[in-house]
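Reader: I should like to go through the model shown below, beginning with a single residue and then widening the view.

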There are 2 protein chains.
Amino acid sequence: MVVAEIRIELKPGVADPEGQNTKKALELLGFEGIANVRSIKLFVVELDASPAEAKKACEEMCRKLLANPVIQKFSVQIK
Amino acid sequence: MVVAEIRIELKPGVADPEGQNTKKALELLGFEGIANVRSIKLFVVELDASPAEAKKACEEMCRKLLANPVIQKFSVQIK
């Protein structure tokens with residue numbers, strides 16, 4: 001059993017309203033010195049495959065379902 | 001400038017409908033051998049502070065705003 005972490009984040013230059021609003025909310029709560037907040041989605045997939053097969057399958061999952069290639073980039077890490 | 005990664009995930013035993021539905025959708029697309037999918041939220045916070053201060057501040061952010069202590073646990077990693 002292989003555990004793969006799929007990290008899906010916005011491409012540089014794409015607006016991140018969730019991150020921006022989180023930053024604003026934190027500042028309203030009194031937190032200081034925050035330069036930036038980015039929001040990222042992580043999927044932890046447990047797969048019955050070899051590490052190499054799992055990496056390939058997870059990249060295919062991103063292309064077919066999990067990520068929007070217009071605005072998001074993804075990376076897969078096998079743990 | 002310190003970059004902190006705040007990872008917010010469901011506590012063990014809490015239902016993860018997003019992960020379960022993602023698993024179902026992947027299986028419908030033909031992916032095989034998936035034992036489990038978990039969905040996790042990541043915030044990358046850039047802070048103007050020392051690493052120790054940043055870790056403390058991020059943990060406080062989770063307690064005050066980002067995490068729901070009833071169903072979620074959080075961890076902070078300074079990069």
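Author: Please note at the outset that this is a predicted model. A:Phe74 has a relative accessibility of 30%.

Reader: Does A:Phe74 count as buried, partly exposed or exposed?

Author: Buried means under 20% relative accessible area and exposed means over 50%. At 30%, A:Phe74 falls in the class between them, so it counts as partly exposed.

Reader: In which strand does A:Phe74 lie, and what separates its C-alpha atom from that of A:Ile6?

Author: A:Phe74 belongs to strand β3 of chain A, which covers residues 72-78. Along the chain, A:Phe74 and A:Ile6 are 68 residues apart. In space, their C-alpha atoms are separated by 6.9 Å.

Reader: Which residues does A:Phe74 contact, leaving aside its neighbours within four places in sequence?

Author: The contacts of A:Phe74 include A:Arg7 and A:Ile8. The list is completed by A:Glu59, A:Cys62, A:Arg63 and A:Ala67.

Reader: What pattern does chain A follow when read along the sequence?

Author: The secondary structure of chain A comes to two helices and three strands. Taken in sequence order, these elements give the pattern β-α-β-α-β.

Reader: Is chain A a compact globule or more spread out, and what is its radius of gyration?

Author: For 79 residues the globule rule gives 12 Å. The value for chain A is well over that, so the chain is more spread out than a compact globule. Its C-alpha atoms fill a box of roughly 45 × 25 × 15 Å along the principal axes. The radius of gyration is 16 Å.

Reader: What percentage of contacts in chain A between residues at least 6 apart joins residues at least 24 apart in sequence?

Author: Of the 79 residues of chain A, 37% count as buried. For the contacts between residues at least 6 apart, the share that joins residues at least 24 apart is 69%.

Reader: How far apart are the mean positions of the positive and negative charges of chain A?

Author: Chain A exposes about 4,400 Å², of which carbon and sulfur atoms supply 53%. The chain carries 12 positive and 11 negative charges. The mean positions of these two sets are separated by 6 Å.

Reader: By what turn can chain A be laid on chain B, and which residue of chain A has the C-alpha nearest the axis?

Author: A turn of 180° with a shift of 0.0 Å along the axis lays chain A on chain B, with an RMSD of 0.0 Å. That is the relation of a two-fold axis. In chain A, the C-alpha nearest this axis is 2.7 Å from it and belongs to A:Lys41.

Reader: What percentage of the interface residues of chain A are also interface residues in chain B?

Author: The copies meet through the same surface. This follows because the share of interface residues of chain A that are also interface residues in chain B is 100%.

Reader: Which residues of chain B does A:Arg38 contact?

Author: A:Arg38 is placed in strand β2 of chain A, residues 34-47, and counts as partly exposed at 31% relative accessibility. Within chain A, leaving aside neighbours within four places in sequence, A:Arg38 is in contact with A:Glu9 and A:Asp16. In chain B, A:Arg38 contacts B:Leu42, B:Phe43 and B:Val44.

Reader: Which residues of chain A are in contact with B:Thr22?

Author: B:Thr22 is in helix α1 of chain B, residues 17-28, and counts as buried at 10% relative accessibility. Leaving aside neighbours within four places in sequence, B:Thr22 contacts B:Val37 in its own chain. Its contacts in chain A are A:Phe43, A:Leu65 and A:Leu66.

Reader: Which residues does B:Leu65 touch, not counting those up to four places away in sequence?

Author: B:Leu65 is found in helix α2 of chain B, residues 51-66. At 37% relative accessibility, B:Leu65 counts as partly exposed. The residues that B:Leu65 touches are A:Thr22, A:Ala25, A:Leu26 and A:Leu29.

Terms used: Residues numbered from 1 in each chain as written. Chains lettered and ligands numbered in written order. Predicted model: local features only at pLDDT ≥ 70, side-chain atom pairs only at ≥ 80, totals over all residues. Heavy atoms only, no water. Helix = DSSP H or I, 4+ residues; strand = E, 2+ residues; numbered from the N terminus. Rg over C-alpha atoms; globule rule 2.2 N^0.38 Å. Buried < 20%, exposed > 50% of the residue type's maximum accessible area, 1.4 Å probe, protein only. Contact = heavy atoms within 4.5 Å. Areas by Shrake-Rupley, 256 points an atom, 1.4 Å probe, with all protein chains shown as cover. Lys, Arg positive; Asp, Glu negative; His and termini not counted. Charge placed at Lys NZ, Arg CZ, Asp CG, Glu CD. Least-squares fit on C-alpha atoms with pLDDT ≥ 70 in both.
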